[in-house]
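Below are some notes on the two-chain model, set out as numbered points. They start at a contact between helices and move outward to the sheets.

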Protein chains: 2
Amino acid sequence: MNPLRERIIKDGKHLGNGVLKVDSFMNHQIDPQLMRYIGEEFARRLAHTNPTRILTAETSGIAPAVAAGLVMNVPVVFARKHQPITMAPEPYREKSSSPTHQKQVELIVSTEYLQASDRILIIDDFLASARTLVALEKLIIQSGATLVGIGAVIEKQFQNGRELLKHLTVPIESLAIIERMDGNEITVTT
Amino acid sequence: MNPLRERIIKDGKHLGNGVLKVDSFMNHQIDPQLMRYIGEEFARRLAHTNPTRILTAETSGIAPAVAAGLVMNVPVVFARKHQPITMAPEPYREKSSSPTHQKQVELIVSTEYLQASDRILIIDDFLASARTLVALEKLIIQSGATLVGIGAVIEKQFQNGRELLKHLTVPIESLAIIERMDGNEITVTT
């Protein structure tokens, strides 16, 4: 059995309204063995896309993207929500929204780290509404780089994010797929 | 020669006023080989402190803390700057400030992931003014856990952060120490 699926069933918590808490192993505390599995599994499923960079979004995407980058030996770029003083002027920007912070956010990437010649693999913690993934895709389009694949640790299938991604022809891989959450029962396929 | 020192000299940029830009390999883009070295080096220097958890701060501490956690097989907890809807009520909170965002921030950790029985190793990207490290120490004190060591990827020695930490008797390890930055010249010892 997939150790991620096991862990979601054991420690994931449905907080209502489709919100899944996975803070004990992924979004606040990070379990090292599970994260190693996640990195290896992304590599197994997506290394064939030959990415030159992995792109993720601050904050919860960083750990799985770094785990994948370490296994695949590919640099990881994380889109920032705020522009630090170290960032070069006129970065790429896209609006998105954060379901777990319930607000609009901006995703910002310096033009230094997304180049037209790049092949970009997007890695993120969730595929839910897919709004963050679409914002990352738009950053890639701005840069002229090529999107080669998308990997999400957990897909909440009932939030229909795949609809927003149906224009894409690249591989989209989710390591665990949640079909539904009813009260305390979380049904995970895959 | 220490590959981190080499990389800082090659790709670090002094932006003036003591601000060092390391976005090309650590704070916006993450170099996988360098990050693997960083994780292994933290383990070599600090695994003997027998931590039960590694504590870091969102955002730039996450990658080096995860790299160390993967090598040492220890869970990583990252203090959040904003409380997500998934976080249990009444978390530990400490004020700090972000030099690269030039604003006050709050560091927030759920009481679920810092326990009185824990031995905590703090890992962060910089030891500069040490204000973030002190805020993390105060979170540990709130929880009743024991601080067993501190690891920083880069120490900016000229910002005298060690002064703020002189009450501590635990090992404090910096993987590269910057003595001074004059114009474009960055002097890195170690």
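1. In this predicted model, the helix α3(A) meets α4(B) through P32(A), M35(A) and R36(A) on one side and V66(B), G69(B) and L70(B) on the other. Sorted by class, this contact has four nonpolar residues, one polar and one charged.

2. Two packed helices are described by the angle between their axes and the distance between the axes. Here the axes of α3(A) and α4(B), the latter covering residues 62–72 of chain B, come within 9 Å and cross at roughly 105 degrees. An angle of 65 to 115 degrees counts as roughly perpendicular, so α3(A) is roughly perpendicular to α4(B).

3. The helix pair should be read alongside the whole contact between the chains. That contact takes 37 residues from chain A and 37 residues from chain B. On the side of chain A that touches chain B, two or more residues each come from α2 (23–27), β3 (29–30), α3 (32–46), α4 (62–72) and β5 (76–79) of chain A. The largest share, five residues, is given by α4(A). By class, this side of chain A has 18 nonpolar, 13 polar and six charged residues.

4. Strand pairing also crosses from one chain to the other. β3(A) is joined to β5(B), residues 76–79 of chain B, by two bridges, and these strands run antiparallel. In this pairing, I30(A) has V76(B) as its bridge partner.

5. Where does β3(A) stand in the sheet order β3(A)-β5(B)-β4(B)-β8(B)-β9(B)-β10(B)-β11(B)? This is an open sheet of seven strands with mixed pairing. β3 of chain A and β11 (185–189) of chain B stand at its edges; each has a single partner strand, so one side of each is left without a neighbour in the sheet.

6. At the chain B end of that sheet, β10(B), residues 172–182, pairs with β11(B) in the antiparallel sense over five bridges. D182(B) stands opposite E185(B) in β11(B). The helix α5(B), residues 131–143, lies across β4 (53–57), β5, β8 (119–127) and β9 (146–156) of chain B, and runs at about 165 degrees to β8(B).

7. Another open sheet of seven strands has the order β11(A)-β10(A)-β9(A)-β8(A)-β4(A)-β5(A)-β3(B), and its pairing is mixed. The edges are held by β11 (185–189) of chain A and β3 (29–30) of chain B, each with a single partner strand, so one side of each is left without a neighbour in the sheet.

8. Within this sheet, β9(A) has pairings with β8(A) and with β10(A). Eight bridges join β9(A) to β8(A), residues 119–127, in parallel, and L127(A) has E155(A) as its bridge partner. Six bridges join β9(A) to β10(A), residues 172–182, which also run parallel. Among the partners there, I150(A) is matched with I172(A) and A152(A) with S174(A).

9. Is β9(A) largely enclosed or open? Of the 11 residues in this strand, which spans residues 146–156, 10 are buried, so β9(A) is largely enclosed by the rest of the structure.

10. The connection from β8(A) to β9(A) deserves a separate point. With helix α5(A), residues 131–143, these two strands make a right-handed β-α-β unit. α5(A) lies across β4 (53–57), β5, β8 and β9 of chain A and runs at about 165 degrees to β8(A).

How values were computed. Residues are numbered from 1 along each chain as its sequence is written. Chains are lettered from A and ligands numbered from 1 in the order in which they are written. This is a predicted model: local features need pLDDT of at least 70, side-chain atom pairs count only at pLDDT 80 or more; totals for chains, interfaces and linings use all residues. Two residues are in contact if their C-beta atoms, placed from the backbone, lie within 7 Å. Helices (H or I, at least four residues) and strands (E, at least two) are DSSP runs, numbered from the N terminus. Ala, Val, Leu, Ile, Met, Phe, Trp, Tyr, Cys and Pro count as nonpolar, Asp, Glu, Lys and Arg as charged, and the others, Gly among them, as polar. Two strands pair if DSSP finds at least two bridges between them. A residue is buried if 20 or more other C-beta atoms lie within 10 Å of its own, exposed if 12 or fewer, and partly exposed in between; C-beta atoms are placed from the backbone. A crossover is right-handed if, with the strands pointing away from the viewer, the path from the first strand over the helix to the second runs clockwise. Axes are lines fitted to C-alpha atoms, for helices over the stretch in contact, and angles run from 0 to 180 degrees between N-to-C directions. Angles under 35 degrees count as roughly parallel, over 145 as roughly antiparallel, 65 to 115 as roughly perpendicular and the rest as oblique.
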